[in-house]
Amino acid sequence: MDQTYYITTPIYYVNDVPHIGHSYTTIAADVLARYFRADGRDVRFLTGTDEHGIKIVKAATERGISPRELADEVVVGFQGLWKDLNISNDDFIRTSQARHERRVQAIINRLIERDEIYLGQYEGWYDEGQEEFITESAAADNEFKSAVTGKPLVRYKEPTYYFRLSKWVDKLIEHVESNRGFIQPQARRNEVLSKLKMGVADLSISRLKEKLGGWGIEMPNDPAHSVYVWIDALSNYRTALGWPEIGDQHDGAGAKYWPADVHLIGKDILWFHTVYWPAILMALDEPVAKCVFAHGWWTSEGKKMSKTLGNFISRETIAEICSEYSVDVYRYFLLRAVTFGADGDFSHDALQGRYNSDLANGLGNLLNRTLNMIDRYFDGKLPASGEIGSDERIVQAAAADLRASATGAMESCCFGLYLDKITELIGATNRYIDITAPFKLAKDESQVERLGTVLYTCAEAVRIVLTYLWPLMPETMAAGLEQLNWKMGAEGSITEAAEWGRLTPGTQTRKPEPLFPRKS
Ligand code: MSP
């Protein structure tokens, strides 16, 4: 059976419009999904929208429309952005869909059957922006304001159903400690562990339905209550696969793809994904996801993004960037500019700098030089390689190193390492051209075989580079490969295609059309 790969993004709230931060997680997930699909795995890539909760209700009320109308409007923006950015998700879940709502109720029923839920009273603080219950001491530490949005916390007092979260703390600690890869990067793992060790109270998992204007998923045991939005939202990772099976149609995906290989998320929602979600799954006696990877946050032009500051990178701004450069350049920049896991800053200068150095001068130049020389010296027909020596071996070793590291780097979401190996191969090949000086060899007829070896080596190296950059920049890399008369995906998996020597001598290549014209 094919090896599966299930990857998810957070489902995005529909109270506000999509921006660079959302695009970051989704692009990263898309790159992983494309890589593993190209490598022959059976991939399921899920994204979607989180449509319930008080903040959606409030945003809709402010606009004088219903929450459903708001959700229906904003979801179009998210789906449109994913189309703009060439996102290859297999499914898009909306938490207001019946397929999800019925399964969330089934999950709650199972928890009730297992005596994991009891009725109590909540009195305390709530962060409406983050949809999060805040302990008295954490609230006081932050002057009763949200640690994320800075907005005042709200005092809640109401009956609520609790999930026996405290009961699962020891098991959670043990799970995190014995599975080093579960929470990534490692610094986040330590953060979660130390907070867990300070003790955790039971979790309120319902809100009074009247307070949400009736918008939400009804608690199956009590129509006066709605399911707490985070329990509703986290369940999407399984309900989208048709689990629990409740008699309606499903395609067996629930058993096939779970446990997820990776939940990609932003650092602000780590606790929900590494404590609440696995505890619920443990309480249901279900396996937990293999990895939760929390990435950092983007600022824009050195400052926190805000609409009033004018530095908010909305769908429209992303479209402007993409029309100035390209969708692929935007995708590349987000993953190249910062180490995955760390915070980053988006600036037009940094984008232009990266573009010119990595893409125009580095990769683009290498492809142009190679194709130009094949065109000029061999009428565009790829020459065969003669005997190779130590110069060729250096390039081949860089290609082999990239090939040996690629899957592991992607498995651990190390885009930085993956791209470093690609950059090393580009650098090694550019140096190789400088050392072997093919334009000098071309002047000496007795060196024609040597010239062939050099150009074959360059063509193979650049083909392997383009192949590995394809998951990040699918359209541009496919165009580059076409100039080499090579079709992505036609020659087996990405790992197979990246084997040295796959290009057939005699292949007719094209005159280069620059993939990345220099910008000044
Ligand atoms: N609805 C919840 C997630 C539920 S998942 C079961 C939610 N939605 S959100 O729309 O507010 O945020 C979605 C993601 O966007 C989060 O992972 C968050 O970290 C990320 N980002 C929001 N602003 C961001 C930046 N400025 N930079 C990078 N990511 C950012 O939370």
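Two strands count as paired here if DSSP finds at least two bridges between them. With that in hand, let us walk through this predicted model, starting with its sheets.

**The six-stranded sheet**

Six strands form an open sheet with parallel pairing, in the order β3-β2-β1-β12-β13-β7. Its edge strands are β3 (91–94) and β7 (183–184), and each of them pairs on one side only. Helix α1 (residues 20–38) packs on this sheet, where it touches β1 (4–13), β2 (42–50), β12 (262–266) and β13. The direction of α1 makes about 165° with that of β1. At the β7 edge, two bridges join β7 to strand β13 (residues 292–295), and the two strands run parallel. If you would like a residue pair to look for in the viewer, I183 stands opposite V292 in β13.

**The three-stranded sheet and other pairings**

A second open sheet to look at has three strands in the order β9-β11-β10, with antiparallel pairing. Why is one side of β9 and of β10 left without a neighbour in the sheet? Both β9 (206–208) and β10 (218–219) stand at the edges and have a single partner strand each, so one side of each stays free of a neighbour in the sheet. M219 has D222 in β11 as its bridge partner.

Strand β6 takes part in two antiparallel pairings, one with β4 and one with β8. In the first, E123 has K157 of β6 as its bridge partner. In the second, F163 stands opposite L203 in β8. The table sets out the antiparallel pairs by their bridges.

| Strand pair | Residue ranges | Bridges |
|---|---|---|
| β4 and β6 | residues 117–127 and residues 154–163 | ten bridges, antiparallel |
| β6 and β8 | β8: residues 203–204 | two bridges, antiparallel |
| β10 and β11 | β11: residues 222–227 | two bridges, antiparallel |

**Helix α14 and its contact with α16**

Now to the helices. Helix α14 (residues 348–378) has a kink of about 40°, centred on N365. Just after α14, D379 takes a positive phi of about 55°.

How do α14 and α16 cross? Their axes come within 10 Å and cross at roughly 40°, α16 being the helix of residues 415–436. An angle of roughly 40° makes α14 oblique to α16, because angles count as roughly parallel only under 35 degrees. The crossing of α14 and α16 is left-handed. On the α14 side, the contact is made by G362, L363, L366, R369 and M373; on the α16 side, by I426, T429, N430, I433 and D434. By class, the residues of this contact of α14 with α16 divide into five nonpolar, three polar and two charged.

The spacing along a helix helps in reading such lists: an α-helix has 3.6 residues a turn, so residues three or four places apart point the same way.

**Helices α18 and α19**

Helix α18 (residues 448–469) and helix α19 (residues 474–483) pack at an angle of about 155°, with their axes 8 Å apart. That angle makes α18 roughly antiparallel to α19, because angles over 145 degrees are counted that way. The crossing of α18 and α19 is left-handed.

Which residues of α18 and α19 meet? From α18 come R463, L466, T467 and L469, and they meet M477, G480 and L481 in α19. The contact of α18 with α19 has four nonpolar, two polar and one charged residues.

Technical notes. Residues numbered from 1 in each chain as written. Predicted model: local features only at pLDDT ≥ 70, side-chain atom pairs only at ≥ 80, totals over all residues. Heavy atoms only, no water. Axes fitted to C-alpha atoms, helices over the stretch in contact; angles between N-to-C directions. Helix = DSSP H or I, 4+ residues; strand = E, 2+ residues; numbered from the N terminus. Parallel < 35°, antiparallel > 145°, perpendicular 65-115°, else oblique. Left-handed = near helix turned anticlockwise from the far one by under 90°. Contact = heavy atoms within 4.5 Å. Nonpolar A, V, L, I, M, F, W, Y, C, P; charged D, E, K, R; others polar. Bend = angle between axes of the 7 residues up to and from the residue.
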